[in-house]
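This briefing is meant for a reader who is meeting the structure for the first time. Please look over the sequence and the model below before turning to the notes that follow.

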Amino acid sequence: MVKRIMQLLQEQPVAVAPPVEQTEEVIPPSLDHTLDQFTDCADLVHRSFPKANLDVVYFAFLVGNDEFLRDIAMPFSDVTESEAALRLTQSQYMPVNNSKDCIKGILNGKAAIFFQDVAFLVDISHPIGRSIAQSETETVITGPHDGFVENLVHNLSVVRRRIKSSHVKTVTLEVGEVSKTIVVLVYMEDIVDMSFVQMLRDRIQQIEVDSVFETNQLVQLIDDNPNSLFPQFMTTERPDAICSKIVAGRVACFVEGSPSAFSCPTSFFEFFSSPDDYYQRWQLGTALRILRIIGFLITMIFTALYVSVTTFHYEMIPHTMLLNLTESRSKVPFPPLVEAIMMETTIELLREAGARLPSKIGQTIGIVGGIVIGQAAVQAGFTSNILIIAVALSAIASFVIPSYLMSASIRLIRFGIIFLAGILGNFGIIVGVGLVVIHLSGITNMGTSYLTPIAPISTYDWLDTFARGPFWSLRKRPSQARTNNEVKSRPRK
Amino acid sequence: MREKLNWFHVAILTYMIQLDVTLFSLPRIIAEKLGTNGWIGVLLLSLVGILNIFLYSLVHRMGKGASFFDIVEASLPKFMIYPLYLALALFYIYVGSILGKSFIIIFQIMAFPTTNSMFLFLLYCYMMYCMLIKDIYSISKAVTVFFFVTFWLGGLTFYYFSEWEIVRLTPFLFKGATEEISLNSWTDIYTIFVGCELCLYLFPYASRDGKWFKGVYIGHIFITLVYVYVIIVSSGFFSFHQLKAMSYPIIDSLAFIELPFINRVENLVFAFFMFSNVTSSVIYGFASLSAMKRIFPRMRKNVLEFVIAGITFGFGFTAQILRETDKHVSDAMFVETILAFSIPLLLIVLLLIQRLRLQKGSERA
C-alpha cells in the first residue's frame, strides 16, 4: 500500500515517441483537380480564353475589377497561344508546381492560370474593409488619431510609413489549419534580441488550432501562463504605440483581420502607460502615470476596505465620519459584503450593457443606471451612500487604466478581494493582495519577468515606468528588451 | 537564459527573512534585557551577525560555490545524511510554522478575538504554499514586491516626531534591565538576527563568484539600521518604564496615529507585516524543501511543497496561546542560533578534510 502511494507520488518518466517524419505527396496543379477541390463553390469563377488555350480560375468576391482587367482580361483577350506564352513570362505570373499552393493562392485572392499543363498564379486580390480610422478603445487627447484596421496590408503600410528604415524586417507566418490566417512579425534587425523573434516564431508555428481570427485570441495560444487572469502581451490598436515598441527593441506582431497588434516582451507595468504620456510635458506625463497607479490601487482595494472597516474595524473610522456612516448603514438590511457585491455586480452589468449597445442607447443606460444605483437604491434602503461613493470611485479608477484587458482583469480580481475582506477584514485584504503579488511574480513573458523593472530590479527603467522622465533622461532602451543596442538618444549639445 | 539571484534581491531576501514578528516587541525585549540605550547593544550584536555571514562566505569560497548538500554528501555516508536532512527539514518547517503562528495569534488577539486562530493560519499556510511551489527566482520577485509594499510604512514614524524627546533615551548605558545582563540576555537578543544563515541554501542559485554575498551583508546591515531606528523612535516616544510594561510597543505606538480619514491603523499596518513574516516562513520552507528533495528526488511536482505546507499547519497546533508561541519562538530561535554558527563551522571542517584527502590522493598519484 505504502509502495503504491509512493509510486503515485513519484514522477513517472514520460516516454517520448520518436518524431515521425511526414512526407507530403506533391500533386501537380491541374484545372480538373482545382475545379474538383472547389465543387459547390458558387462564387468560384472559371473563365476560358479559347484562342489562347488558357483557363483562369478565381473567386469573384476576392478579386478587384481593375486588377482583373489589368492582369487577366487585357493581356489574354484576343491573343494567340504563342503571344499568351510570351506574356506569361512576365514576373507577376508566378508558376506553381504544387496543387496545394495553387488552391491556397486562389483562396488568397489570386487567379490561377492554366496554360499548357502549367499553372501560374497572379495576384489580383482587392482588399476590402474600412479605411484607416480612429481607435475607439484607445483614444488619446494629443497625438495621432489613426488606428489599425482589419486589413493587414494597411496596418503594415502604416508602420512602414512611420519607421522608414531598411532595418525593419518582417516574417510572415500562417496560423490555423482551416483559417490559414496570416501573421506577420515586425522587428528592427539591429536592435531586437533575435532570440525573441525566434521564440515567437517557434511558438506561433507550433500552434495547432483550426482557426485564429484575432490578435487577442492568438496571444492566448502563445503565452507562458495560459491559466493566468492577467493579459501577458501588450495589445494595441495604435500605430504610434506599436512603432515605439518596435524601436524600443521589442517584436511586434500583426494578425490578418485584426485591428490590433501585440508586442513582446511585455511587463505588467507597460499596461499602465499610454502614448499620451510622451506627447505631453514630462511633469504631466509623470503625474498621469502616478494617477493610474493610484487608480489601480483604488480599484483593487477601496470597496474591499469599506467592507472590511464596516464589518470588522469600526475603530478605524474617525469619529467625525462615524455618525454619518452608521446613519447611512442603519437602513440597509444586508451585511456590508452582500451590499458591496450587489453594487459591484450592478456596476459591472451597467458597464457590460453600455459596451454592447450602440453609443446613443448606451448613454441612456448610463443615465438610467446612475438614477437606479444612485438615489433610488439609497432611498429604498438597498445600500448606503458611502458604498455608492466607494463603488463609483472604484469603477471610475478602473477606467483610468489605459488597457481595457488589464482593467477588466483587475475588476474581476477585486471581487475576490472584497470577498476576503468580508470574511477576514484587513487580514483578508492583505492575503488577497499577497496572493495577487505571488501570482504575478510567477508570470513570465517570452522568458522575461512580468514584474520588470521591480523584479528583477532595474532602477533606470523606473524613469519610464512609474514616471515619464524628460526625454534627455530616457537615453536607454528598456532592459527587458535585452537589446545590445541600448542607447536610443544622446543629450542635446 | 537561466536566471541568477543578484545581490540586490539577495539583500532584500536577507532583510525580509530577518524582519519578522519579533520587531513588534523588540523595544520591550531590548529594554528588559539590556536596559537603557539598548540600541548600542543591537549594533554590537550586529557585528556578530556579520561574523556569521563571513563564515558562510568562507564556506562558499572554500567550496567554490558548492551547495551545502554537495559538501555534506561528499564527506558523509548516506545512512548518516538522510536522518540529518530529515531532522533539519522538520526543524526548519517548525521554525517557519511557529513564526507564522506567533504572528497570527497576535493578529487574532487584536482583530478577531472570537475566530479560531487555526483558520487564519490555514490561509497563512496557503500563501506559503503558493510561494513555495514557485522557483526561488519567482519567490525573490514576490519578496521584492513585498519589500516595496511594506518599506514605506517606516514613513509613519514621522508622525511621532512631535512627541519624540531625546531626554527619554537617558544618558545611561545598559541600566535598568529586568535581570542582570548575562550571556543569556545577549543570546536572547541575538535571535533577532537569525535568518541570514539561510543564504546557505541560495548557493546553487547565485553566481559562483560570490559577489552576491555583498547582498547578504547589505541586507543584514539594513535590518540592523531598521532595528536601531525602531528602538530609538520607541525609546524617545515612550518612557523606559512604559516600554518594559508594554507587550508590543510598536503596535501601541501605531494606535497613536490619527489621520483625518483613518484612525487606529495598527491592525492594517500590522497585517502588512504578514508579508515579511510569510517571507521568513517561506524561506525556512524552501530550506526544508531543498533538504527533502535530496531524500525524495523523484517526487511529483508540488507534492513536497504541499507536505511542507501541511506540516507547517500541523505544527501550528502545538501553540494555541500567545504565551506558548512566545516560548516556542524563543526556543526555536535559540536552537537556530546554535545551528547558524555550527553548520558553517562543520562545513569548513568537512571542506578541509576533503582538501586534505585530495592533496594526499594527488601526492600518491
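What radius of gyration would a compact globule with 365 residues have, and what value does chain B have? A compact globule with 365 residues would have a radius of gyration near 21 Å, and because chain B has 21 Å, the two agree. The model is a predicted one, and the points below take up chain B as a whole, then one of its serines, and finally the cysteines.

**Overall build of chain B**

- The secondary structure of chain B consists of 15 helices, with 0 strands.
- Taken along the principal axes, the box filled by the C-alpha atoms of chain B is roughly 75 × 45 × 40 Å.
- Among contacts in chain B with a separation of 6 or more, 86% are between residues 24 or more positions apart.

**Burial, surface and charge in chain B**

- Of the 365 residues in chain B, 57% count as buried.
- Chain B has an accessible surface of about 15,500 Å², and carbon and sulfur atoms account for 67% of that surface.
- The side chains of chain B include 28 that are positive and 22 that are negative, and the centres of these two sets are 13 Å apart.

**The surroundings of S253(B)**

- In chain B, helix α11 covers residues 249-254 and includes S253(B).
- S253(B) counts as buried, because its relative accessibility is 6%, which is under the 20% cut-off for that class.
- When neighbours within four places in sequence are left aside, S253(B) is in contact with Y160(B), F237(B) and F238(B).
- L19(B) lies 234 residues from S253(B) along the chain, and the C-alpha atoms of these two residues are separated by 18 Å.

**Cysteines and disulfides**

- A disulfide is a covalent bond that joins the sulfur atoms of two cysteines.
- Over all chains, a search of the whole structure finds 0 disulfides.
- Why does C102(A) have no bond to the closest cysteine sulfur? The closest cysteine sulfur is in C41(A), and because it is 14 Å from the sulfur of C102(A), it is too far for a bond, given that a disulfide needs the sulfur atoms within 2.5 Å.
- C102(A) is also buried, with a relative accessible area of 0%.
- For C264(A), the closest cysteine sulfur belongs to C253(A), and at 7.7 Å this sulfur is likewise too far for a bond.
- C264(A) counts as buried as well, since its relative accessibility is 0%.

Technical notes
Residues are numbered from 1 along each chain as its sequence is written. Chains are lettered from A and ligands numbered from 1 in the order in which they are written. This is a predicted model: local features need pLDDT of at least 70, side-chain atom pairs count only at pLDDT 80 or more; totals for chains, interfaces and linings use all residues. Side-chain values use heavy atoms; hydrogens and water are left out. Helices (H or I, at least four residues) and strands (E, at least two) are DSSP runs, numbered from the N terminus. The radius of gyration is taken over C-alpha atoms; the globule rule is 2.2 Å times the number of residues to the power 0.38. Buried means under 20% relative accessible area, exposed over 50%, partly exposed in between (1.4 Å probe, protein chains only). Contact means heavy atoms within 4.5 Å. Accessible areas come from the Shrake-Rupley method with a 1.4 Å probe; for residues, only the protein chains shown count as cover. Lys and Arg count as positive and Asp and Glu as negative; His and the chain ends are not counted. The place of a charge is taken as NZ of Lys, CZ of Arg, CG of Asp or CD of Glu.
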